[in-house]
Each structure stands twice: as structure tokens, then as C-alpha cells.
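Thanks for coming. I will go through one model today, starting with a loop and then moving to the sheets and the empty space.

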Amino acid sequence: MAKFTKRFFGIFMVSVLVLVTAACSSKNETGDAGQKEEDTKVRNEVTFTDISQNIRGNETPTQEQQEEVNQTLNDTYLGDFFDETIPNDYSAYPYEKDVTLDVWMPAIAEIPDMNNHAVQKQVEELTGIKVNFITPPVGQEADAFTLMISSGELPDIIINPERYPGGLEAGLNDGAYLDLTELMEKNAPNYSAWRNSDETRRKTTVTDSGKLLGFYGIAPYSEWTWFGTLIKKEALEKTGLEVPTTIDEWHNFLKKSKEVGYTEPLNYGSSYGQIFTGIINGAYGVWDWTFLDENGKVAWGPAQPKAKEYLTTMQQWNKEGLLNRDWATADFNQRMASAISEKTAIMMDSPDTMFSYWKQQNDIDFIGALNPVLNKGDQSATTYKNFKRTGTTAAITTQCEDVEAAMAWLDFNYSKKGWEILNYGEYGTVHLIDENGKPYFHEDSYIYKDPEGQPVATTLLKYRMHSWPSIRDEHNSNPLIVAKGSYSGDIRKEWTEKMDTSMAMPPITFTQEEASREAELGNQLSTLRGEYFAKIIMGELPVDAYDKFLSDAQKMGLNEFLSIHQAALDRYNQR
């Protein structure tokens, strides 16, 4: 790993900033300090004219009203809808200096140029902070990140900084990322207030040692389970069967589906890792990766006692032609093409995605099914659980020349105005405000009626920020959930409320030393699992080959792998 050319300068500047901040806060008698406190007081006490009566419930806002909402920080028309109030400290805006921040982020395939993104342009105008987005070509993110780190030349901010080998703390120790712990309260008042207003948010946004290394995407609630089994309604009608619950009922349903014309009824997939998601294998307690056992200890799903039973079932289903023939190689586009064909009756995917591909684009109705169980009466379960951590993360690098500006730019995302813009886009063309002060996508919204004719699956990224270091309001601002006639949210809500998630692992973190070893062992175990499980399911190996798989996993260091995770879990529980 290359040493950063500006590493010590960056660390020195942060140290100076911390010292200056501390010094200023201790000067209560000097004129300069008194003036600074007075300036801060005045800025914090700036109030806006209440425009709620003109904006709430207004379905035809004038151009002047649209500009007042879109071009000012006035948020008086917005209501409060969550257990904790979203903060609205705008004292840093417009930022006092002329600054342009370089922000590296993975490209979004549907967005040709992030520098022209409507939401980011609006954020730039409201904060007074210019941003230059640096995005590598789609599919080349990993190589581009490695080259950037190796070059020693870093941007001001990195989105998805966990890409750093060893994670955020390794980036800190190597001199790439800043420790923001002493700067957060002063320079990021909205983020600080929001993350500290809930224990889960606080716990999942701090390191084991109590450091604040980045800005995390954090939600007002634990988002609904987003991935599961979806059945075409016509398949239920053609088979005359009820929604299956047990493995045996699923087997019968798949066989009947094939009899009535679905030649490859279950789209099993592999690029999403459906083999290991826990949708089918979870019925056997063979979870996809690490999980919490009945004693709250870390265990590894592929090594559980009933793994052979799971593999026997899937080998049989594959032999009977109940799975899509290309499940081991199909990419997303191939899966979606199969989904809308007459071959497929069942998908393992997100109901949001399938509402777009099935219902909106092809008028195919569907329902959601709980994850299967072995015995009638057992509770369905999943390891998909949201811990109020969502979206993406941002870190500030040691080469950032204006740390205060970088923090102010990111902090806006956690203000009430930022929540509105990032989740709902521009007022007028994209969203309106209802009588209670809640944003919503109206019938003529660009989300649903894009001037360029793009589908909602694209406009949800084009006119709003779907995954970002911000307060994501997924349940109310995901257009595929709130679209007229959508039942995607109903499915996700039912999955969340009716499936046991007690075995789900929280978002633990590893030390730098652990991270390197965990990644090495994890990659080896993942490759081993993929090869053995796929070959057994395809019938290229007998089910008894699982015994050698388990032996090989032990020799590779499975116990060490589990001990690393257990140590991280123990630290997480002590945060």
C-alpha cells in the first residue's frame, strides 16, 4: 500500500483544526471569541416566514411558490412524522468560502453524469458548496478504487469508503481517512443530533473504540425486508393451489406449475446469491453466511447439521427440471427476461424490482410468500434485518483541504430540508406537500411521467437519491412502493412482521488485523462453498461430497473465521 503524499499534512491540519476549535471554545473573555459566539448565535436564531398555509395541500403551486421552496432553506411547511424529530440546523449555509469538493463514488448505470444530477445541483445551490463528482466506468469501480488508493492522490470525500482493504479503521490507520470524532458535534450538528437520537443509530455508526470515521446512511426506522419469494398470480390460478408454506408444499407447487406449462418454474438465480439467501436453505437452518445461534453465538450457515438435507432437496428439484436451466450463470438481465416469459412462475427477488418489471411494464400481478419451513406451524425466518443502517457511507480523506466544508456538505443530508430533497426531489415537478406537511409524488410527477419516457426503475434514481449518506425514508419515498396500485410495500411489510429475524447478525466491524485475515478466510470459504454447493445441486457431485466440503472448510480455518466474528460481535455488544 502506497503511503499518501499529503498524509502528514492532512493529519497536521486536522490536529490544528481540533486545537483551534478547543481554544476558541475556551476563550470567553476575548473580543474575538465573543464576536464568534455572537455570530453563531445570530445565525442559529435566523427564522423563516411560515409558508405552510400556502404550500400544504397546494396541488398547483405558482412558479414563485416553487422557487421559495426549492431555492431557500425554508422548511416551515414540512411536518414531523417519525418517533424522533429530524434536525434542521442550517447555520452553516450558505457556506462562507468559495470551495469545490472532489467526491469519488461508484457510478450509477442509469445516471450518465452525476455532476448534472438534479438533486445534487439543488444541494449545491442551497449549501453554497460546489462538488465535482469523480465516477469510474460502470463495472470498473474496484480497479479504479485500488488505483486511486495506490496513487496516493485522494479526493476530498469518498463514497463507499469501506472498499478500503481492511475497512474504515484501516484507512484511518494508513493515513487515508480522517478521524472525525472531535469534529462531529461542531461541524455536523444535524448528523450528530440524528444519530444520537436513537440507540440503534448511535450504536451502528460508531466504531468499537468509540470513533466516528464517516457519515452513514441511517433511517428513521428499520426498513422492511426487501428480498424474498414472489409468485405470479396466474400460476396460483392455473395450478389451483394455495400459497405454499412447507418445503413439501413448495415441491408440489413447483411440480404442478411445470405440469400447467411453466417449463422452468423457479427462477433460482446465482448472481444475486439466491442459492445461499436463506429463502429455501433457511428452512433447514442452513443460513447463507454467519448468523446467531440459539445462544446468541456466531455460527456459519453452510456448516449446519441439515445441510445435506437441503442439498438433497435442491439436487432433486434441479434433476426434475424445476429450476431455471441457467441458474448458475444468469445475470440480472437474463433473469428479468426469464421472469416475464411463460417459463417462470416464481422469482426470488425484491418486490420493488418485480413491481416494475412484472406489473408496471408487463401487467403481471404477483403475490409474496413467506420463506418456506420444514414443518407446518413452524415460524418462517430470515437473516435479512435492517438495523436502521441503510444507503451508503462517506468518509473524508486526509487530503481534504477544507474539512469544515466537506462536513457541512454531508451534514445537510441529515437536515429536514435535506431529507425532503434527497428523498423526494424537486418541489413541483417531482413532489408536492400534503395537508399534513408530508411530501408525496403526485400523479404528473416526473417520477411517473418522465419527459424522456424513462421507467420508474430509472426515474427513482434520476430525480432523487435512492442510496446515499443521508436519512433515507424508504417506506414513503421509494416510488415503487408508493406508486398508485403498488403492493410492493405490503409484501415487504408482511415479510418483516411475520418472519423471525432473531438470528440476524448486526453490522459488526473488524480491527485492521482482523479485517485482513477475515477477508482472506472469507474469500476462501465462499469460493469453497460456491463450488461444492453448485456442483452438488447440479448433480456433478454426490450429496456425500458435503462431508469433504466440511472437512476442507475446517482445514481452511473455519474456526478461526468464526472466532474473529465472535470477537467483533462481543465488541459490538459492548458499544
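**Backbone, sheets and empty space**

Asn-160 sits in the loop between β3 and α7. Its phi is near 65 degrees, a positive value in a residue other than glycine. Helices (H or I, at least four residues) and strands (E, at least two) are DSSP runs, numbered from the N terminus.

What you see is a predicted model, where local features need pLDDT of at least 70, side-chain atom pairs count only at pLDDT 80 or more, and totals for chains, interfaces and linings use all residues. Residues are numbered from 1 along each chain as its sequence is written, and side-chain values use heavy atoms, with hydrogens and water left out.

On confidence: pLDDT is the predictor's confidence in each residue, from 0 to 100. The protein chain has a mean pLDDT of 90, with 91% of its residues at 70 or more. Over residues 5-44 the pLDDT is below 50, and this stretch has 33 contacts in the model beyond near neighbours in sequence; contact means heavy atoms within 4.5 Å. Where pLDDT is low, the predicted coordinates should not be read in detail.

Two more backbone points. Asp-363 lies in the loop between α15 and β10, and it too is a non-glycine residue with a positive phi, about 55 degrees. Tyr-93 and Pro-94 are joined by a cis peptide bond with omega about -5 degrees. Pro-94 belongs to the loop between α4 (63-70) and β1 (100-104).

Now the sheets. Two strands pair if DSSP finds at least two bridges between them. One open sheet has five strands in the order β2-β1-β3-β11-β4, and its pairing is mixed. β2 (130-134) and β4 stand at the edges with a single partner strand each, so one side of each is left without a neighbour in the sheet. From one strand to the next the twist averages 25 degrees. For such angles, axes are lines fitted to C-alpha atoms, for helices over the stretch in contact, and angles run from 0 to 180 degrees between N-to-C directions. Within this sheet, β3 (residues 157-159) and β11 run antiparallel and are joined by three bridges; Ile-157 has Ile-396 as its bridge partner in β11.

Another open sheet has four strands, ordered β6-β9-β5-β10, again with mixed pairing. Here β6 (266-267) and β10 (366-369) are at the edges, each with a single partner strand, so one side of each is left without a neighbour in the sheet. β5 (residues 228-232) pairs with β10 in the antiparallel sense over four bridges, and Lys-232 stands opposite Phe-366 in β10. Helix α14 (residues 332-339) packs on the sheet and touches β5, β6 and β9 (346-349); its direction makes about 150 degrees with that of β9.

Next, the empty space. On a 1 Å grid over the protein atoms alone, a cavity is a set of points where a 1.4 Å probe fits but cannot get out; a pocket is an open set with protein on both sides within 12 Å along at least five of seven lines; and lining residues have an atom within 4 Å of a point. Grid points are joined across faces, edges and corners, and a volume is the space filled by probe spheres set on the points.

Which residues are closest to the centre of the largest pocket? The largest pocket has a volume of about 1,600 Å³, and of the 47 residues that line it, the closest to its centre are Arg-389, Met-505, Pro-506, Pro-507 and Ile-508. β11 supplies the largest share of that lining, five residues.

The second largest pocket holds about 1,200 Å³ of space. It is lined by 37 residues, of which Glu-110, Leu-460, Leu-461, His-466 and Ser-467 are the closest to its centre. α15 gives the most to this lining, five residues.

As for cavities, there are two of 30 Å³ or more. The largest has about 60 Å³ of space, and its lining includes Thr-229, Trp-250, Trp-317 and Met-348. α12 (247-259) and β9 each give two or more residues to it, with α12 giving the most, three. The second largest cavity has a volume of about 40 Å³; among the residues lining it are Asp-80, Glu-84, Lys-416 and Trp-419.
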